[in-house]
Amino acid sequence: MLHKVSETQERKRSEVADVDRSLYDFVMPEEGYERYDDGLTPEIVRSISAKKDEPDWMLEMRLKALDVFHEMRMADNWGPDVSALDMDHISTYVSPKTKQARNWEDVPEDIKTTFERLGIPEAERESLAGVGAQYDSEIVYHNMREEVAEQGVIYSTIEDALHDPKWEPVVHQYFGKLIPMRDHKFAALHYAVWSGGSFVYVPEGVSLSYPLQSYFRLNASGAGQFEHTLIIVEPGADLHFIEGCSAPKYYEANLHAGAVELFVKDRARLRYSTIENWSKNMFNLNTKRATVGADAKMEWVSGSFGSHVSYLYPTTILSGARSTCEFTGITFAGATQDLDTGCKVILNGADTTASVDTKSISKDGGVNTFRSSVVIGRHADRARATVSCSSLMLDDISRSDTIPAMDVRNATASVGHEATIGRISDDTILYLMSRGCSEAEARTMVVNGFANPVSKELPLEYAVEMNNLIKLEMEGAIG
Amino acid sequence: MSEALLTIQGLSAGTEDNPILHNINLAVAQGETHVLMGPNGAGKSTLGHVIMGDPTYKVSSGTVTFDGVDVTDLSPDKRSLAGMFLSYQAPVEVPGVPLYSFLRTICQMRPELKTTARKFRQRVANICDQLSMDDSFLTRELNVGFSGGEKKKIEMLQLLLLQPKLAILDETDSGLDVDALSVVSRGIEAYREECDGALLIITHNTRILERLDVDRTHVMVRGNLVGEGDASLIDEIDANGFGRFEEALAAKGGAA
């Protein structure tokens, strides 16, 4: 997902580099892959479990989740239309014919090429403490720097953790506890067929100076990706975790229904950054949730650019006193996209604070819906929450809605909400053009500037990546 | 006599239903400094914007020729790249775009100004010195939250960086305190010395002109150019105002 950036120091955030359209949209052959039949049956679930040689409790959980999935009805009274998603035509498990490698040299050539084109090995060398790379249903590469491992940090697949007698009980203790399978129909689906993802454990007091990054690539057409990310940050520890996702464009629907469970203990800090660029045939029905202990801090940085339909509302439960949540997000909806995104914060501890700052950009008939939910519990004395949402509409055929909800059950709490919707002013474009920018460059510059509060929260390479995505989306925006 | 850098011939322009400029003829040669004066609302700024190609205004007749090329139908970016510059009376705020990277971007798009990161940084630092600008400005967002005077300094910074052949300064002196005014004057002097550029200074007060060698002075009243003279005309206007020009226009039958 990272571009080769020459002059990295020099390239500033409002500049936009040339983007190669083929960067995300390329397909590798699936020959020799293990691909399970489309649809959902107990046999398929058992096969996935058997292949992973899982503990019994996990198989039981999967089968129960499958029942729940069939039992729950599809929500059809709110949000974007998902009727085009037919589970009978989605393969829930596609595995490349390879074992997980710790060295890129051991990764099969076509898969290695994919991740090289996305810039992953390069980023790993330059600025990451560890990398996990998932291709379709399985992690094909996982590695972490020696010095990080020496501090007792665990960064592996969930499957590997389940095979380790030391970590199997830990996974058992945490897995599925924050996001219950009955949360919604696709959470149930996730637990039935989950595969891949990451397990991260940061011991008490350990600070990682570089981020860990997991990258999820869905290459197979008509398939689903159901990775599970479980992160435990022990008291006083500090982690930045980056998640990237992309897929080539197909005409068949693809489905992403991952789950992210984050446990941030007392005095710990977790930053969770995502740049999502799924192709525009993707149904992105992802669930992310964090629980935060006393004096701890949860920071989300979220960039949503891709997918046909998204339902994405990362949720933070501020359980401990004085815990804080900062959510910074941007969503870019272009033609054929209906992106329903936002965030939820539940403030339960006293003196907890939440600040939500989101941006949305819509163009070419794209639909953006921002939903926020702030719940202040009875015991959350002096809790404070602010939600701010600004939308930029680039034409008259796009749509942007803001749906804030606030539920305040404590009289000493304070909440604030502001929303703005705007357009790019002609004066601004003219001013930039009078300095030599073409109209398209001027618009891209303004949009990048609008997104800047988000991109400046990202490491430089990712900020450049985000600007490139905006540039890509803005191409052809001028009629 | 060599051909003028900027030639405006028979130019009439305005908004959709409101003609503003009437049959303007004006020529500015390389290295010359022209001053355009006139009472508030005379159409001076409109002329500056029309020369730059602001699509708010439609040209109903006449031509603008720059450096031997008819630019009447060119968009503002093409005019800018050809060597024209308009300093705004009220520079627009562009949130989220850091000033320094903006400057870098608009220089890198000009082949003649392309340079290495290090040399560029040095150039910017030198110009900031010249203009007594704090270099902390550079990390801030383009024009966002700057005072009027600071915005004008940023316009001067862009002028000196881009080294255009022609600079139109639209009320660059308005609303400035004495210090800011002297900075702007220094900027204009530096531009003349370093670029031998042509200047069209739009103003309705004369203080900024005291230190400049003015070649020609033009007077605009109600969208008409009604007077032209050398630098001495400035002193006359300073003493007597625009009264006689307004009367002259009225005698001619007012604005067409």
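I began with helix H7 (residues 232-240) of chain B, which in this predicted model lies across S3, S9 and S10 of chain B and runs at about 115 degrees to S10(B).

I then looked up the sheet under that helix, and found an open sheet of six strands in chain B with the order S6-S7-S8-S3-S9-S10 and mixed pairing. Its edge strands are S6 (84-87) and S10 (224-229) of chain B, each of which pairs on one side only, and the twist from one strand to the next averages 20 degrees. At the S10 edge I noted that strand S9 (residues 216-221) of chain B pairs with S10(B) in the antiparallel sense over five bridges, and that B:Thr217 has B:Gly229 in S10(B) as its bridge partner.

Next I turned to the other sheet of chain B, where four strands form an open sheet in the order S2-S1-S4-S5 with antiparallel pairing. Strand S2 (18-28) and strand S5 (69-70) of chain B each have a single partner strand, so one side of each is left without a neighbour in the sheet. Strand S4 (residues 58-66) of chain B meets S5(B) over two bridges, again in the antiparallel sense, and B:Phe66 has B:Val69 as its bridge partner there. I also saw that helix H1 (residues 44-52) of chain B lies across S1 (6-15), S2 and S4 of chain B, at about 70 degrees to S2(B).

Last, I checked where the chains meet: the contact takes 24 residues from chain A and 26 residues from chain B. On the side of chain A, H10(A) gives the most, with seven residues, and the residues of that side divide into nine nonpolar, eight polar and seven charged.

How values were computed:
Residues numbered from 1 in each chain as written. Chains lettered and ligands numbered in written order. Predicted model: local features only at pLDDT ≥ 70, side-chain atom pairs only at ≥ 80, totals over all residues. Contact = placed C-beta atoms within 7 Å. Nonpolar A, V, L, I, M, F, W, Y, C, P; charged D, E, K, R; others polar. Pairing = 2+ DSSP bridges. Axes fitted to C-alpha atoms, helices over the stretch in contact; angles between N-to-C directions.
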